[in-house]
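Here is a short round of questions on buried charge and ring packing. Look over the model before reading on.

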Amino acid sequence: MLPDSAGFEPLEPAVVPAPQPPQPFREPFWGYLDLAWMVGIVIAGVVLLFGAAAVLLAVSPGLARSGPFLLGIQFLFYGIVYLAFFLVFHFNYGKPVLVSLGWRPGAFHLGTAALAGVALAFALQPVLKVLHAPEVKSPIELFTSDWVSLVLIALTAVLAAPLFEELFFRGFLQPLLSRSLGTVLGVAITGLLFGFMHLFEYANAWQYGVAIGLVGISLGAVRARSGSVIPSTVMHACFNAMSVIALIASKAAKHQ
């Protein structure tokens with residue numbers, strides 16, 4: 001048996017590194033640079049879209065008031081927005097679009113969301129009266145000279161428009177602003193931007209911008225409360241449906 005002094009050094013005990021705590025999930029995982037990419041892609045797509053539309057209108061000016069033509073333009077615009085989401089999320093993060101934007105079950109009953117959308121449509125009328133809003137024809141009324149156009153545009157207003165607007169405003173923009181500025185300011189700024197983006201539909205009358213901004217804030221509050229864009233999309237769809245129902249009832253009464 002060799003003594004300790006025989007030239008052998010005792011082995012140092014192996015140092016096992018302490019396990020690192022899991023990194024917290026960052027939601028939203030996108031940032032303002034991704035917002036810039038989104039805006040850039042959408043602007044480039046819109047330039048191409050309106051260039052093609054201008055060529056078609058030069059050949060056939062009557063398309064300017066054609067419901068199906070305008071509907072096609074709108075759906076192509078939605079396609080551009082979705083493509084921008086896909087490119088940014090897929091290539092920058094390898095993430096899916098819908099789930100990332102909050103299309104998941106949320107803590108808000110969908111029946112309550114639907115009723116809230118209907119109630120919001122009624123509540124908006126006294127707000128417009130207090131603001132002395134001028135009489136302006138709705139976008140649906142302007143481009144629905146026949147029943148086929150009315151049905152197509154109504155379906156778009158109730159189904160497609162709420163989905164894509166909620167994905168962008170409440171799914172993408174609001175979480176980003178809320179992370180930087182807090183939930184209250186994130187909801188408020190997103191709602192006001194939502195109202196501003198709808199001004200052109202109402203002859204740029206500021207009263208409608210304010211009113212639609214309040215609608216956007218209400219939708220944003222539901223999004224923040226539920227953690228999902230599904231309830232706010234249902235609420236948005238039911239809000240739009242009330243305008244469609246009122247227009248259909250008005251047209252039916254005129255034909256009696």
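Q: Which residues does Glu 165 touch, not counting residues up to four places away in sequence?
A: This is a predicted model, where local features need pLDDT of at least 70, side-chain atom pairs count only at pLDDT 80 or more, and totals for chains, interfaces and linings use all residues. Residues are numbered from 1 along each chain as its sequence is written, and side-chain values use heavy atoms, without hydrogens or water. Contact means heavy atoms within 4.5 Å. By that cut-off, Glu 165 touches Arg 170, Phe 194, His 198 and His 236.

Q: How far from Glu 165 is the nearest side chain of opposite charge?
A: Glu 165 is buried (under 20% relative accessible area, 1.4 Å probe, protein chains only). It has no salt bridge (a side-chain nitrogen of Lys or Arg within 4 Å of a carboxyl oxygen of Asp or Glu). Lys and Arg count as positive, Asp and Glu as negative; His and the chain ends are not counted. The nearest such side chain is Arg 170, at 5.7 Å.

Q: Over the face of which residue does Arg 170 lie?
A: A charge sits over a ring if NZ of Lys or CZ of Arg is within 6 Å of the ring centre and within 35 degrees of the ring normal. Arg 170 is 4.4 Å from the ring centre of Phe 194.

Q: What is the relative accessible area of Phe 85?
A: Phe 85 lies in helix α2 (residues 67–93), 4 residues from Phe 89. Phe 89 is buried at 0%. Phe 85 is buried too, at 2%.

Definitions and conventions. Buried < 20%, exposed > 50% of the residue type's maximum accessible area, 1.4 Å probe, protein only. Helix = DSSP H or I, 4+ residues; strand = E, 2+ residues; numbered from the N terminus.
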